[in-house]
Amino acid sequence: MSKVTFLSGENIPLEMHKVRMVQKVNLLPVEERLQSMREAGFNTFLLKNRDVFMDMLTDSGVNAMSQNQYAAMMQADDSYAGSETYYRLEAVLQDIFGMKHFLPAHQGRACEHIIAKTLVTPGSVALMNYHFTTTKAHITLTGGSLEELIGDEGFKINSDEPFKGDIDIGKLNEAIKRHGKDKISFVRIEAGTNLIGGQPVSMANMREVSRICRSGGIKLVYDASLLSDNLYFIKTRDPGYQDADIKSIVREIASLMDIVYFSARKLGSARGGGILVSDDELFLKMRELVPLYEGFLTYGGMSVREMEALSVGLQETMDIDVISQTPIIVEALCNELLAKGVPVVTPPGGLGCHVDAMQFCSHIPQDQYPAGALAAAIFIASGVRCMERGTMSEQRNEDGSERMAEMELARLAVPRRVFTLSQVKYTADRIAWLYQNRRLIGGLEFTEEPKVLRFFFGRLQPIGGWAEQLAEQFRKDFGDSL
Ligand code: F0G
């Protein structure tokens, strides 16, 4: 495995790959970082990548690919219908998941669109461990609503619970009773629960949820976008799976589900996405929507080159040395930050390191978007771009009032096999400086606020002149250093 013990006794993450192609990045002076943040309307989504030093916005579509993935892209069979490339991908997916049918889609949210259109009816409720932004948008746009059943530990910033993404079985039974099974569109389990800090779901929990759904005739949907991290945690945190091979764990998970879907921008380190299903009737219903919204059935909006890269990437996901790389770097970043007193979500999850903005910026009221303000401040202090995962990422209630998020997190995503340990240490150092100067950070307010998924392209402004003061303090403390 890829954590080694040094002579000092320290456990150091070790990269199990070497870098053979590089992209130059720019670290702008603090004044220019401030200027780009202004131009981006204090929304890290609107920054230009050329102004960004380390792009930790997301792990989506920005993972490093292997030489074998690039090689496979050269063998792509370009055809609208019946491409060999598609059949290769279908065979890989059937082999790994053991499910009968595969429907391609251009990315994860496209799968959510198709699943919502197929299973959600107006007035129905989808039950889930926790929502993801695009999942929620598709369910509500189709007239349904959703209810979250994450266990209480899931909302605790610091916990010893190894599987904080688990569904609370008591809440699930109660919700089924309360709504009645006919009103429930589906139950959804999200692997590596994104919005609560990339926290995994245990096999025991999936088994129990599946048993309850099957006995009640309720469809169980699995969002496998963050499956690779979740597999790593099942293997390393569940003593029952220490000796299991990765593929057998995937097979077991898939055997519990009715539908599995994924964003291949995360799973398989490629692009695209897809839906797996064994039930013929459900397959036929969803199949109708693929040519309508995505593309013909043998590409579904993906390019043949993406599909080739995905086939290889999925097979490589069965290798613990490959899937361990992000979780061990996340853990290293979390530990660096904790050592400097910075509050982060623990235990460290997959996907990224999540800084707790509620504590970091406890002086900023929640309706002034503390996590959004922290994300903007981190960029000014470091050139590192991260993502707000808090109230800004929520949709307003029907009556226009703010829906306050349960957690206010600044997410430093760790794209797979992209950053080195020294870059990670730099990030921790600058965030530690920011933490010492946290009182300088102020709130944000919208100047342009889109109705749906406002966090993507909404524009904001700082309340008061805090951004300038922060840059000035940086200059004072670091002199000429970037
Ligand atoms: N489900 C989960 C759990 C996700 O994390 C994402 C995307 C999606 C579905 C949608 O997939 O982007 O391919 O359409 N998460 C990205 C992120 C955007 O940055 O966390 P998509």
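**Notebook: contacts, rings and a ligand**

I began at Asn43, where a polar atom of the side chain lies 2.9 Å from the backbone oxygen of Gly458. I count a polar contact as a pair of N or O atoms within 3.5 Å; within protein, one must be able to donate a hydrogen and the other to accept it, and residues adjacent in sequence count only if both atoms are side-chain atoms.

A note on the ground rules: this is a predicted model, so I kept local features to pLDDT of at least 70 and side-chain atom pairs to pLDDT 80 or more, while totals for chains, interfaces and linings use all residues. Residues are numbered from 1 along each chain as its sequence is written, and side-chain values use heavy atoms, with hydrogens and water left out.

**Entry: around Asn43**

I looked up where Asn43 sits, and found it in the loop between helix H1 (30–39) and strand S3 (54–55). Helices (H or I, at least four residues) and strands (E, at least two) are DSSP runs, numbered from the N terminus. Asn43 is buried, at 2% relative accessible area. My classes are buried for under 20% relative accessible area, exposed for over 50%, and partly exposed in between (1.4 Å probe, protein chains only). Leaving out residues up to four places away in sequence, Asn43 touches Met37, Phe455, Phe456, Phe457, Gly458 and Leu460; contact here means heavy atoms within 4.5 Å.

**Entry: salt bridges**

How many salt bridges does a search of the whole structure find? I got 29, taking a salt bridge as a side-chain nitrogen of Lys or Arg within 4 Å of a carboxyl oxygen of Asp or Glu.

I then opened the pair Arg305 and Asp78, whose closest N and O atoms are 3.4 Å apart. Arg305 lies in helix H12 (residues 304–316) and Asp78 in the loop between helix H2 (67–73) and helix H3 (84–97), so this salt bridge ties together parts that are 227 residues apart in sequence. Arg305 is partly exposed at 37% relative accessibility, whereas Asp78 is exposed at 56%.

Next came Lys171 with Asp152, again a salt bridge, with the closest N and O atoms 3.4 Å apart. This pair links distant parts of the chain, with Lys171 in helix H6 (residues 169–179) and Asp152 in the loop between strand S6 (145–148) and H6, 19 residues apart. I have Lys171 as partly exposed at 28% and Asp152 as exposed at 52%.

I also checked Lys181 and Asp182, a salt bridge with the closest N and O atoms 4.0 Å apart. Lys181 is partly exposed at 44%, and Asp182 is exposed at 73%. Elsewhere, salt bridges that share partners join Asp59, Asp229, Lys266 and Arg416 into one network.

**Entry: helix H8**

Asp229 of that network also turns up among the buried residues of H8. Nine of the eleven residues of helix H8 (residues 227–237) are buried, so I noted H8 as largely enclosed by the rest of the structure. Among the buried ones are Leu227, Leu231, Tyr232, Phe233 and Lys235.

**Entry: aromatic rings**

I found 16 aromatic pairs in the structure. Rings of Phe, Tyr and Trp (its six-membered ring) pair if their centres lie within 6.5 Å; planes under 30 degrees apart count as stacked, over 60 as edge-to-face and the rest as tilted.

Tyr86 and Tyr87 form an edge-to-face pair, 5.3 Å centre to centre with 75 degrees between the planes. Tyr86 is buried at 5%, while Tyr87 is partly exposed at 39%.

Tyr369 and Phe446 have ring centres 5.3 Å apart and planes at 75 degrees, so I filed the pair as edge-to-face. Tyr369 is in the loop between helix H15 (357–360) and helix H16 (370–382), and Phe446 is in strand S15 (residues 444–448), 77 residues apart. Both Tyr369 and Phe446 are buried.

Back beside my starting point, Phe455 and Phe456, which touch Asn43, form one aromatic cluster with Phe45.

I looked for charges over rings too, meaning NZ of Lys or CZ of Arg within 6 Å of the ring centre and within 35 degrees of the ring normal. Arg430 lies over the face of Phe478, 4.1 Å from the ring centre, and Arg438 lies over the face of Tyr435, at 4.0 Å.

**Entry: the ligand**

Which residues are the closest to the ligand? Of the 17 that surround the ligand, they are Thr58, Arg109, Asp223, Ser263 and Arg411; near means a heavy atom within 4 Å. I looked up three distances to oxygen atoms of the ligand. A polar backbone atom of Gly108 is 2.9 Å from one, an N or O atom in the side chain of Arg109 is at 2.6 Å, and a polar side-chain atom of Arg411 is at 2.7 Å.
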